[in-house]
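Biologist: I am new to this structure and should be grateful for a close look at a single part, the hairpin, followed outward to whatever surrounds it. Please take me through it step by step.

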Amino acid sequence: MQPKSPSILECPVGRAVETVGEWWSILILRDAFQGTTKFDEFSQSLGIAPNILSRRLAHLTESGMFVRRRYQERPPRYEYVLTDKARDFFPVIVALLAWGNKHLAPKGESILLANRSDVRPLNPVVVDAVDMRPITLANAVVVAGPRASRGMRARLASLKAMNPAIAPAGD
């Protein structure tokens, strides 16, 4: 575990990375979104060492991403079921897929996200729920929330690219 500074612990991105930032965790969640639930299925799909898989599944369960449910009595076997908290992580996986296809697939995409009903390829973007406009670096800033500490408020005020008083990054 990495040492946790107050600014990391107070930051939602820092807390998210603490929960799912290790790359095996993200791949485990990816497989779970695709229907994988059992230890052996994760192991076979990912080619991950059993001790690492055990630690990652335990961490994801302790952090509320999975519920462990017994599916066999003798010998006891468990499956890992996605929670609402984990299902809320799905857009992050979608964003990673879209970014990977755009920037890391020079010969073309090997996996596309498609609409379930008509299998039409989807083009994911992050939008504001109020006006449905894409959220970009040019139109977004971070501001202190109601529970921000004095230190966090000072940190946010010192940021250049995300400060509302400064021109957008990339302009």
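Modeller: Two strands are said to pair if DSSP finds at least two bridges between them. The structure shown is a predicted model. In it, strand β1 covers residues 66–72 and strand β2 covers residues 77–82. The two strands run antiparallel and are joined by 6 bridges, which satisfies the requirement of at least two. One of the bridge partnerships sets Val 67 against Val 81 in β2. With 4 residues between them, β1 and β2 form a hairpin.

Charged side chains meet aromatic rings here. Arg 68 places its charged end over the ring of Tyr 78, 3.6 Å from the ring centre. Lys 38 is found over the face of Tyr 71, and the distance to that ring centre is 4.5 Å. Lys 38 itself belongs to the loop between α3 and α4. Beyond its neighbours up to four places away in sequence, Lys 38 touches Tyr 71, Tyr 78 and Glu 79. Lys 38 counts as partly exposed because its relative accessible area is 27%, a value between the limits of 20% and 50%. The C-alpha atom of Lys 38 is separated by 18 Å from that of Ser 63, 25 residues away along the chain.

Aromatic rings also meet one another, and 4 aromatic pairs are counted in the model. One of them joins Trp 23 and Trp 24 in a stacked arrangement, with 4.6 Å from centre to centre and 20° between the planes. Trp 23 is exposed, since its relative accessible area is 55%, whereas Trp 24, at 14%, counts as buried. Phe 33 and Phe 90 make an edge-to-face pair, their centres 5.2 Å apart and their planes at 75°. This pair links distant parts of the chain, for Phe 33 lies in helix α3 and Phe 90 in helix α7 (residues 90–103), 57 residues apart. Both rings count as partly exposed, Phe 33 at 21% relative accessibility and Phe 90 at 35%. Ring pairs also link Phe 42, Phe 66 and Tyr 80 into a cluster.

From this cluster the path leads inward. Phe 42 and Phe 66 are among the residues that touch the most other members of the largest nonpolar core, a set of 18 residues; Ile 28, Leu 29, Leu 57, Leu 60 and Met 65 are listed with them. Two or more residues of this core come from each of α3, α4, α5 and β2. Helix α3 gives the most, with 4 residues.

Leu 29 shows how the core is joined. Leaving aside neighbours within four places in sequence, Leu 29 is in contact with Val 20, Leu 60, Met 65, Phe 66, Leu 82, Ala 86 and Phe 89.

Ser 25 offers a polar counterpart. It is placed in helix α3, which spans residues 23–33. Ser 25 is buried, because its relative accessible area is 0% and the limit for that class is under 20%. The side chain of Ser 25 makes a polar contact of 3.1 Å with the side chain of Arg 56. Outside the residues up to four places away in sequence, Ser 25 touches Val 20, Arg 56 and Leu 60. Val 20 and Leu 60 also appear among the contacts of Leu 29.

Key
Residues numbered from 1 in each chain as written. Predicted model: local features only at pLDDT ≥ 70, side-chain atom pairs only at ≥ 80, totals over all residues. Heavy atoms only, no water. Buried < 20%, exposed > 50% of the residue type's maximum accessible area, 1.4 Å probe, protein only. Polar contact = N/O pair within 3.5 Å; in protein donor to acceptor, adjacent residues only side chain to side chain. Contact = heavy atoms within 4.5 Å. Core = buried A, V, L, I, M, F, W, Y, C linked by side-chain atoms within 4.5 Å. Phe/Tyr/Trp six-rings, centres within 6.5 Å; stacked < 30°, edge-to-face > 60°. Lys NZ or Arg CZ within 6 Å of the ring centre and 35° of its normal.
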